[in-house]
Amino acid sequence: MTNAKVKRLFSNLTYAFLSQCISLLLSLLMSFVVPKFLSVKEFGYWQLFLFYTSYVGFTHFGLDDGIYLREGGKRYKDLDFSLIGSQFWLLMFTQAIFAGVISAFSFFFEKDPNKLFVILLTGLYMIIFNVFYFLGFIFQATNHTKKYSISIIIYKLLFIVCIFFLFMSRDIYYKGYVVLYTLTLLISLLYCMAVGRRIVFAPLMKLSTVLLEAGRNIVVGINLLIANMAGLLIIGSGRLVVEQRWGIESFGKFSFSISICNFFLMFVGQTSMVLFPALRQTNFDNIKKVYVTLHELLDIVLSGMLLFYFPISYILGFWLPQYKESLKYMSILLPLCTFDGKMQMLCNTYLQVLRKERWLLFINVASFLISLLLALLGAYILCSIQAVVVFMVVAVAFRSIVSELYTAKLMESEIKKEIAWECFFAISFIVLSLLVPTVASFLIYLTFYIAYLVLHKNKVGNIVGMFKRHVLSKG
């Protein structure tokens with residue numbers, strides 16, 4: 001990469017990091033403070049809303065993903081603003097229709113008034129979310145991730161303010177959180193429309209032309225869309241089975257442990273967003289070099305992140321005693337961070353850059369089916385939530401390992417030893433956290449981790465050297 005490209009990459013990473021710091025604060029509030037104010041049942045409905053909204057991206061049928069892939073690497077000024085802007089309004093119109101259909105069916109078939117409220121707000125959120133990410137994907141694809149990061153900062157900061165308002169007003173019901181969560185995303189959408197006005201307010205084109213172009217984008221993006229949805233369903237299927245089998249309160253406790261895992265994974269997703277357009281604009285040799293560096297970095301960071309479980313679990317046991325059961329699930333689930341972190345940062349990003357969406361589709365659908373079958377086995381045959389949790393980790397690990405091997409083959413890299421270390425850390429962490437007292441398990445795992453760093457001191461040296469060259473030198 002040229003110095004200008006490296007400078008822009010680190011500028012984008014800076015804004016991405018800032019947005020993730022804000023997201024981190026919000027995640028802290030949502031994961032550790034909101035459960036303190038809401039009852040387990042109310043928190044369960046709040047988590048149900050977040051669960052449903054995580055799948056609303058399916059209704060754009062790959063349009064956003066197709067534009068992201070086809071326009072990735074282009075300069076913003078070179079876009080066909082009229083053609084893209086016309087698809088923006090087409091998307092908004094179709095999402096409004098879908099939301100109306102979902103709402104109509106819900107009134108007839110859903111008897112639980114709380115679930116009905118969640119579904120109706122999910123429909124409204126779906127419209128806002130999909131058009132928001134339509135613009136966000138364009139900003140990402142054209143390396144204008146700074147604009148996207150600012151929109152996320154607006155969204156998260158506003159909701160943090162709303163959460164403090166709800167705390168001060170002693171609101172103990174989930175509905176206020178749901179409404180304000182949707183409203184703050186709408187405000188962020190308005191910001192995106194303002195900075196993306198050349199797209200939003202471009203002259204509209206003929207409907208036939210727009211439909212033809214949208215069809216092309218959907219054909220390209222549908223594989224990635226289904227792959228991403230299947231990836232979400234690897235964990236989502238287990239959550240859905242738990243809600244159906246054990247009810248909303250068990251779902252809330254189970255979802256609490258999932259939210260802690262997502263808390264650890266936040267930074268990975270934002271960094272991969274910045275990497276995609278940067279990698280699309282460079283040559284294959286540089287792509288391979290970045291791959292090796294990222295793999296070494298993730299090997300060190302992700303396994304080390306598991307150390308935070310021990311103090312967090314100790315604190316949460318006092319802060320949220322009603323969620324002590326969730327800590328057992330979390331001790332099994334947290335190794336997801338190791339496997340899913342590699343999947344998000346390396347495999348998803350690199351397979352998209354190399355246009356291997358069909359492989360992503362295959363491995364995610366296969367892993368989803370495995371996860372669903374195992375979740376049903378754990379829920380209805382073994383009758384154990386812990387069994388469901390273990391099976392979820394198995395499905396995620398399977399997807400990550402197979403994808404890592406395939407990506408490493410494309411990058412002409414050998415990583416079998418690194419995968420063995422990943423599995424060792426994951427298994428030892430689960431065994432220690434379940435069977436050994438907290439302090440002792442922390443010390444034993446820390447010993448394993450330090451031994452790993454000593455054995456791989458060259459890898460650590462490479463990461464420290466990169467940090468000095470590209471971060472400290474900028475200061």
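**Exercise 1. Decide whether C383 is buried, exposed or partly exposed in this predicted model.**

Solution.
- Start with the number: the relative accessible area of C383 is 44%.
- Apply the cut-offs: buried is under 20%, exposed is over 50%, and partly exposed lies in between.
- C383 therefore counts as partly exposed.
- Next, place the residue. C383 sits in the loop between α15 and α16 (385-410).
- Last, check the backbone. Phi of C383 is near 55 degrees, a positive value in a residue that is not glycine.

**Exercise 2. Repeat the analysis for F61: find its location, its phi and its exposure class.**

Solution.
- Location: F61 belongs to the loop between α2 and α3 (63-71).
- Backbone: phi of F61 is positive, about 55 degrees, although the residue is not a glycine.
- Exposure: the relative accessible area of F61 is 35%, so F61 is partly exposed.

**Exercise 3. Place I248 in its helix, classify its burial and list its contacts beyond its sequence neighbours.**

Solution.
- I248 is in helix α10, which covers residues 248-280.
- The relative accessible area of I248 is 13%. Buried means under 20%. I248 is therefore buried.
- Now set aside the neighbours within four places in sequence. I248 then contacts K41, G44, Y45 and L48.
- Add a backbone distance. The C-alpha atoms of I248 and Q47 are 9.3 Å apart, while 201 residues separate the two along the chain.
- Widen the view to the whole chain. Of the contacts with a separation of 6 or more, 85% join residues 24 or more positions apart.

**Exercise 4. Characterise the second largest pocket by volume, lining and contributing helices.**

Solution.
- Volume: the second largest pocket has about 410 Å³.
- Lining: 23 residues line this pocket, and F51, Y52, Y55, L233 and L240 lie nearest its centre.
- Helices: α2 (40-53), α5 (113-141), α9 (207-246) and α15 (357-381) each give at least two lining residues.
- Largest share: α9 supplies eight residues of the lining.
- Chemistry: the pocket lining has 15 nonpolar, five polar and three charged residues.

**Exercise 5. Do the same for the second largest cavity.**

Solution.
- Count first: the structure holds two cavities of 30 Å³ or more.
- Volume: about 70 Å³ of space lies in the second largest cavity.
- Lining: the residues are L298, D299, L302, S303, T338, K342, E418, W421, E422, F425 and Y452.
- Helices: α11 (284-305), α14 (336-353) and α17 (416-435) each contribute at least two residues to this lining.
- Chemistry: the cavity lining splits into five nonpolar, two polar and four charged residues.

**Exercise 6. Test the span of α17 against expectation, then list its buried residues.**

Solution.
- α17 has 20 residues.
- From first C-alpha to last, α17 reaches 28 Å.
- At 1.5 Å a residue, 28 Å is expected, and the span of α17 is close to this.
- The buried residues of α17 are E418, I419, E422, F425, A426, S428, F429, L432 and S433.
- Cross-check with the cavity: E418, E422 and F425 are also among the residues lining the second largest cavity.

**Exercise 7. Summarise the chain: secondary structure, burial and surface.**

Solution.
- Secondary structure: the chain has 19 helices and zero strands.
- Burial: 55% of the 475 residues count as buried.
- Surface: the chain exposes about 20600 Å², and carbon and sulfur atoms supply 70% of this area.

Technical notes
Residues numbered from 1 in each chain as written. Predicted model: local features only at pLDDT ≥ 70, side-chain atom pairs only at ≥ 80, totals over all residues. Heavy atoms only, no water. 1 Å grid on protein atoms, 1.4 Å probe; cavity = no way out; pocket = protein on both sides within 12 Å on 5 of 7 lines; lining within 4 Å. Points joined across faces, edges and corners; volume = space filled by probe spheres on them. Helix = DSSP H or I, 4+ residues; strand = E, 2+ residues; numbered from the N terminus. Nonpolar A, V, L, I, M, F, W, Y, C, P; charged D, E, K, R; others polar. Buried < 20%, exposed > 50% of the residue type's maximum accessible area, 1.4 Å probe, protein only. Contact = heavy atoms within 4.5 Å. Areas by Shrake-Rupley, 256 points an atom, 1.4 Å probe, with all protein chains shown as cover. Expected span 1.5 Å × (residues − 1).
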